[in-house]
Amino acid sequence: MVKSFTLAAAVALLSAPLASSHYILNILLHNGKQIGGEYTYVRKNSNTYMPSFTEILNSNDLRCNKGAVAGSTQTYQNVKAGDKIGLKLFNNEFIEHPGPGFFYMSKAPGNVSDYDGSGDWFKVWESGPTGSPTATGGWPTYGKYQMEFTLPTTLEDGEYLLRGEHIGIHENHMECAQIRITGGTGTAQPSPLVKIPGIYKASDPGLTFNFWGGKGPYVMPGPAVAKL
């Protein structure tokens, strides 16, 4: 009994810091304010706060996370082109891994709640290192509770999946919010357009980089930020 208890206690102690560094971007932010609660406008994944790894790089789960499929969330948030939009971490957590952040968008052909994300995507925002990629202070997203950007005014009106993603220590944290955009000029012709899966390979330098002692510059994974 003593040995079993000791082993269980050790496992619990070792697991605690690992669990605390996992996070989900499951709350929508609109013009700097929280809109709704957890998963109100974000598709709910089935793997709770656990990250995904390279096993999903060639899977449709890479779009919005495991279990976050069409029909899982019926609501969307009305926003205007030019508004500030973003995603916040659940439970007042912070991003506790060094690594890059991204937002991708994909226009639904109809109702976004019915859209499976199989259409074209474009990267609308990214945040890479501004200092040493092997130091937490070199990453603007580190220690933040949210990622945000301004919607381009040139976007076409319609319903979109907004995919937020943070990559840290070979972990992929991604979620998809559902939004409806109005007031855009519709002149944007996003390029490049990509399909998800298809944006990453397991051998990409940005996915294999050693954040704790790696050498050389960090290479941002995925496509370039789209010209809009």
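Where is Thr-75 found? Thr-75 sits in the loop between helix 2 and strand 3, the strand that covers 77–80. Before I go on, please keep in mind that this is a predicted model.

Let me stay with Thr-75 for a moment. Is Thr-75 buried or exposed? Neither label fits, because its relative accessibility is 33%, and Thr-75 therefore counts as partly exposed. Leaving out residues up to four places away in sequence, Thr-75 touches Thr-40, Tyr-41 and Gln-178. With Thr-40 there is some detail to add: a polar atom of the Thr-75 side chain lies 2.3 Å from the backbone oxygen of Thr-40. Tyr-49 is another matter. Thr-75 and Tyr-49 are 26 residues apart in sequence, and their C-alpha atoms are 22 Å apart in space.

Next, the disulfide. The count is 1 disulfide, and it joins Cys-64 to Cys-176, with 2.1 Å from S to S. The pair links distant parts of the chain: Cys-64 belongs to helix 2, residues 61–64, while Cys-176 belongs to strand 9, residues 171–182, and 112 residues separate them. The angle about the S-S bond is -85°, and the link of Cys-64 and Cys-176 is left-handed. Both cysteines, Cys-64 and Cys-176, are buried.

Right after Cys-64 in the numbering comes Asn-65, in the loop between helix 2 and strand 3. Asn-65 is not a glycine, yet its phi is positive, near 100°. Asn-65 has a relative accessible area of 4%, so it is buried. For contrast, look at Asn-92, in the loop between strand 4 (84–88) and strand 5 (101–107). Asn-92 also has a positive phi, about 55°, without being a glycine. Asn-92 counts as exposed because its relative accessibility is 62%.

Asn-65 takes us to the empty space inside the model. Rolling a probe the size of a water molecule over the atoms shows where empty space is left. How many cavities of 30 Å³ or more are there? The count comes to 1. The largest cavity has a volume of about 40 Å³. Its lining includes Asn-65, together with Tyr-23, Tyr-49, His-173 and Glu-175, among others. By class, that lining has 6 nonpolar, 5 polar and 1 charged residues.

The largest pocket holds about 170 Å³ of space. Among the residues that line the pocket are Lys-107, Asp-120, Trp-121, Phe-122, Tyr-160 and Pro-190. Here the classes come to 7 nonpolar, 2 polar and 3 charged residues.

Now to strand 6, residues 122–127, where Val-124 has its place. Lys-123 is in strand 6 as well. Is Lys-123 buried or exposed? Lys-123 is buried, because its relative accessible area is 1%. What does its side chain reach? The side chain of Lys-123 reaches the backbone oxygen of Pro-223 at 2.7 Å, and the backbone oxygen of Pro-221 at 3.1 Å. Lys-123 also touches Phe-102, Phe-103 and Tyr-104, among others.

Val-124 is buried too, with a relative accessible area of 10%. Beyond its sequence neighbours, Val-124 is in contact with residues including Phe-103, Tyr-104, Phe-149, Val-225 and Leu-228. Val-124 and Pro-190 are 66 residues apart in sequence, and 8.8 Å apart in space from C-alpha to C-alpha.

A little further along the chain there are two prolines to point out. The peptide bond from Ser-191 to Pro-192 is cis, with omega near 5°. The peptide bond from Ile-196 to Pro-197 is cis as well, again with omega near 5°. Pro-192 lies in the loop between strand 9 and helix 3, which covers 205–208, and Pro-197 lies in the loop between strand 9 and helix 3 too.

Last, His-30, in strand 1, residues 27–30. His-30 is buried, because its relative accessible area is 13% and the cut-off for buried is under 20%. Which side chains does His-30 meet in polar contacts? One is the side chain of Asp-83, at 2.8 Å, and another is the side chain of Gln-77, at 3.5 Å. Not counting residues up to four places away, His-30 also touches Ile-35, Asn-78, Val-79, Lys-84 and Ile-85.

Key
Residues numbered from 1 in each chain as written. Predicted model: local features only at pLDDT ≥ 70, side-chain atom pairs only at ≥ 80, totals over all residues. Heavy atoms only, no water. 1 Å grid on protein atoms, 1.4 Å probe; cavity = no way out; pocket = protein on both sides within 12 Å on 5 of 7 lines; lining within 4 Å. Points joined across faces, edges and corners; volume = space filled by probe spheres on them. Nonpolar A, V, L, I, M, F, W, Y, C, P; charged D, E, K, R; others polar. Disulfide = S-S within 2.5 Å. Helix = DSSP H or I, 4+ residues; strand = E, 2+ residues; numbered from the N terminus. Buried < 20%, exposed > 50% of the residue type's maximum accessible area, 1.4 Å probe, protein only. Polar contact = N/O pair within 3.5 Å; in protein donor to acceptor, adjacent residues only side chain to side chain. Contact = heavy atoms within 4.5 Å.
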